Amino acid sequence: MKFAYKFSNLLGAVYRHGNLSFSKDGNSVISPVGNRMSVFDLKNNKSETLPVSTNKNITCVGLSPDGNLAILVDEDGAAILVSLVTRAVLYHHYFHKPVNSVSFSPDGRKFVVTRENVALMYNAPGKNREFNAFALDKSYYGPYDETTCIDWTTDSKCFAVGSKDMTTWIFGAERWANLIYYSLGGHKDVIVGCFFEKDSLDLYTVSQDGALCVWESDTELDELRKGPKYSERKKMAEERKRREEEEAEEDEIEELGEDGERRGDVIKGRADAPKEIEGIRNVRYKQKSKHFFNKEGDFNNLTAAAFHKNTHILVTGFASGAFHLHELPDFDLIHSLSISDQRISAISINPTGDWIGFGCSGRGQLLVWEWQSESYVFKQQGHFNNMASLAYSPDGQYLATGGDDGKVKVWNTNSGLCFVTFTEHTSSVTNVIFTTSGFVVVSASLDGTVRAYDLHRYRNFRTLTSPRPAQFSSLAVDVSGELVCAGAQDSFEIFLWSMQTGRLLEVLSGHEGPVSCLCFSPVQSVLASVSWDKTVRLWDMQDSWQTREVLRLTSDGLVVTYRPDGQELAVATLDGEITFWNPQTAAQTGSIAGRHDLQMGRKETEKITAKQSAKGKAFTSLCYSADGESMLAGGQSKFVCIYNIKEQILMKKFEISCNLSLDAMEEFLDRRKMTEFGSLALVDEGAGDGDGVELSLPGVRRGDMSSRHFKPEIRVSSLRFSPTGRSWAAASTEGLLIYSLDASLIFDPYDLDMDITPVSIRCQLKKKEWTSAIVLAFRLNETSLIREVLEAVPHDQVAVVSSSLPDVYVEKLLDFVASSLENSRHLQFYLTWAQNLLTLHGQKLKNRSGVIMPTIQQLLKSIQRHHDDLSKLCDWNIYTIRYIKALSKQRGMKRMAEDSLSEEEGGSVQMGSEDEEEDMISEVLMVN
């Protein structure tokens, strides 16, 4: 139970690469983030990251029309079929080559995957009763280069495929006699998007050079005729030509796989049109018009496009970060706007056509724009460089992160969204920390400043600097929030400021190496500092800032942290050890050798093995659990370790990522990537971002010649336990990962006996033995049963039951109430429980405040969240509530008058009350 942490959410990254999709109701946007998929609920302002992941970064996502299934395909062509209802992986499939796009047909019966220059049509999973979820139906050949996009007609009869060879191919999804394949040209650059008109075969094609072609068909969708089957067509061809060598040039042949199994029909398109069947005329297209997005002298690459069939709105995104809205087929510009300074990578329109989603991979931005009101519905951006540090607020409701991009972001742990970003720093942020009030965030940076931010007014109200420029690499704030300390990595000094006045109080000297970490004692005014000079110094803040103790280490010190009760000190050193010290006696109480637990991976460009490189690695982040019994440790590895401090053993290891697109993930190098000249990873293939050249060739001037392709290395830069003890966060290369306790799957009984069963507990409920039922339920320790018993207790009996509970179960019940209050709709009921438990057992709980502090923090967090939600709701509806209240009073007076008076008098009173009611209504409306 204690270590049953499961991945719950991914913060700090909202979009990386791939296509965006909207849910069926249009209220949620689905975004690929690395090798995971996040769902952002725009209506309720919440985010959720699905607990599924691919082996490499996701490049394309296909969503079924009913919104129940999603196909995620990674860089290598490995696909997983995910149920969006159960959040589970249903099937794995490997396409063997990189996939460019995936699209379901509007009726949900088929889906098409484009791989290299081939379009593969599969039967949609669940529609046919087949063991294989991905059953290949047909293969379509035609383009001479890689395919880029897919679009279906509204009745799923045909689909179009755009290609890098500047052509667009139209294929029949079924055996149509007059439309087997058709090729369209007319462009001078790569096709970015192709879109059918609603209920028509008319087509729009958009190319990268900013050209739009409007194609008109001479045939309607209902005029498509069923063609003869393969065998009949074969006989007709033999009769017509009488030559076997031309059989290979037929429109359709049947292909057998390597195992002899039928793999579906193959439709091969050619440069000339397919031959017409007698009496049936083939579909023909003509170019109706051609339009250009770029003005003269203002050339801009078109990078993404989307079309909404019902409203005829075409949205196009450009490499400059601008987008245009046009109404087709007249090409009328509705409006254009620049939303970023980076290229727009993906565009999607929700089913109603009101909201447009934009993804910018360069900045990691995700925007949702409402084009009619010209306003943002959703605007989020992660750190586009490494995330360096994180901190929990005292109530566990907020998370602050600092990154190498110089930004400080504050996230709401309930919604998973960033609500404020501070951009005052001009260099990397090395550390962030909350003060004990929870409304001030302090950050240190390599730009030589320490800044304090107010979360009430969202402003930088203090800027602390040193007399001479210094690069601050560590930060600490004391319990009162008055003293701020920062350690410099170039001058080996510690600077001490007053938060109240902003003045520099003292410069602490003594370390002979860069100060790597600072930490204040939670119970005393003592500062612990660790340095590369192999010492930990304890500074007394009350006694003229003198050195109180010097602790000698065996290697360079990297991290220092206090236990929540202040009675123990943990230090991580460069030799991979974690040592524990008593700060009162300056004696070492224990140590953990954790170097082998890190399990380093081998980089693709490293000459030495992972086992050898691990000898120089160590933990770079430490954090005590809320109860102080466990230690969370992480470093330059994909693993996070939890140690039991008392037993000094490893309890559990968490693998925070399985993304092979990151470097140092595997222990051994892949021999297939090794050549006689060295690793293929050493070959620089250029940026390849679509805005420049793929390879930097001599004499080529387009593109950024300095851009390089590199794989980011997996690492954990910061770890923090939530004050509630129910979750912990890790700042890693992939983003901010949140792990929470999943109590629903754990059976952890307490003081169990043979007679304690669900049946016996329900018998106690029938007898109305409430206290006994609660005690038995906690001994069995099943969450659903405890909730059932607790909610069966009558509201007026809560005080009596609370007073008769044994002391050992009071803390357990309070912990359960605190966790249930967060999600339950029975707000008043659980608040009554909490009030009675704290009132009746307050003194006993106070004596054990150190143990139950996480529970109290969880309770405060839940109450604060409900208070915020209800206060907003009441503020929005205050005048409606007043009106209803006033109206109810008047109606009550009217009924009383009718009962007490006679019919004649009652009529006059009724008239009077109606007049008063009208006066009251007009009075309330005037207040509104």
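# A hairpin, two sheets and a helical core

In the hairpin of strand 38 and strand 39, four residues lie between the strands, and one residue there, Y458, takes a positive phi near 55 degrees. This is a predicted model. Strand 38 covers residues 449-454 and strand 39 covers residues 459-465. The two pair in the antiparallel sense, over six bridges. One pairing shows the register: A452 has R462 in strand 39 as its bridge partner.

## The chain as a whole

The protein chain has 13 helices and 60 strands. Its length is 928 residues, and buried residues make up 52% of them. How far apart in sequence are the residues that touch? Among contacts between residues at least 6 apart in sequence, 49% join residues at least 24 apart.

## Two open sheets

Strands of a sheet pair through backbone hydrogen bonds, either parallel or antiparallel. Two sheets are described here.

One open sheet has four strands in the order 1-60-59-58, with antiparallel pairing. Which strands stand at its edges? They are strand 1 (5-11) and strand 58 (716-721). Each has a single partner strand, so one side of each is left without a neighbour in the sheet. From one strand to the next, the twist averages 20 degrees. Strand 1 joins strand 60 (residues 735-741) through six bridges, and the two run antiparallel. Within that pair, F7 has Y739 in strand 60 as its bridge partner.

Another open sheet of four strands runs in the order 40-41-42-43, and its pairing is antiparallel. Strand 40 (472-477) and strand 43 (504-508) stand at the edges. Each has a single partner strand, so one side of each lacks a neighbour in the sheet. The twist averages 20 degrees from one strand to the next. Strand 40 and strand 41 (residues 483-488) run antiparallel and are joined by five bridges. In this pair, A476 stands opposite C485 in strand 41.

## Two helices side by side

Helix 4 (residues 758-766) packs against helix 6 (residues 783-792) at an angle of about 5 degrees, and their axes are 11 Å apart. That makes helix 4 roughly parallel to helix 6. Which residues meet? From helix 4 come P758, I761, R762 and L765; from helix 6 come L785, E788, V789 and A792. By class, this contact has six nonpolar residues, no polar ones and two charged ones.

## The nonpolar cores

In soluble globular proteins, nonpolar side chains tend to be buried together. The largest nonpolar core here has 35 residues. Which of its members touch the most others? They are I761, I774, L790, L805, L813 and W833. At least two residues of this core come from each of helix 4, helix 5 (770-780), helix 6, helix 7 (798-804), helix 8 (807-821), helix 9 (827-840) and helix 11 (849-876). Apart from this core lies another, of 33 residues, among them V530, L551, V560 and V571.

L805 is worth a look. Not counting residues up to four places away in sequence, L805 touches T771, I774, V775, V810, L813, L837 and H841.

## Three buried residues

The table sets out where three buried residues lie.

| Residue | Place | Relative accessible area |
|---|---|---|
| H324 | strand 26 (residues 322-327) | 18% |
| Q397 | loop between strand 32 (387-392) and strand 33 (398-403) | 3% |
| V801 | helix 7 | 2% |

Why does H324 count as buried? Its relative accessible area of 18% falls under the 20% cut-off. Leaving aside neighbours within four places in sequence, H324 is in contact with F293, L314, V315, T316, F318, L333, H335 and S336.

Q397 sits in a loop, yet Q397 counts as buried. What does Q397 touch? Not counting residues up to four places away in sequence, its contacts are W411, N412, T413, N414, K861, Q864, R865 and D868.

V801 lies in helix 7 and is buried. Its contacts, leaving aside neighbours within four places in sequence, are W770, T771, I774, V793 and W833. Two of these, I774 and W833, are among the core members that touch the most others. W770 lies 31 residues from V801 along the chain, and 6.8 Å separates their C-alpha atoms.

Conventions
Residues numbered from 1 in each chain as written. Predicted model: local features only at pLDDT ≥ 70, side-chain atom pairs only at ≥ 80, totals over all residues. Heavy atoms only, no water. Axes fitted to C-alpha atoms, helices over the stretch in contact; angles between N-to-C directions. Parallel < 35°, antiparallel > 145°, perpendicular 65-115°, else oblique. Contact = heavy atoms within 4.5 Å. Nonpolar A, V, L, I, M, F, W, Y, C, P; charged D, E, K, R; others polar. Core = buried A, V, L, I, M, F, W, Y, C linked by side-chain atoms within 4.5 Å. Buried < 20%, exposed > 50% of the residue type's maximum accessible area, 1.4 Å probe, protein only. Pairing = 2+ DSSP bridges.
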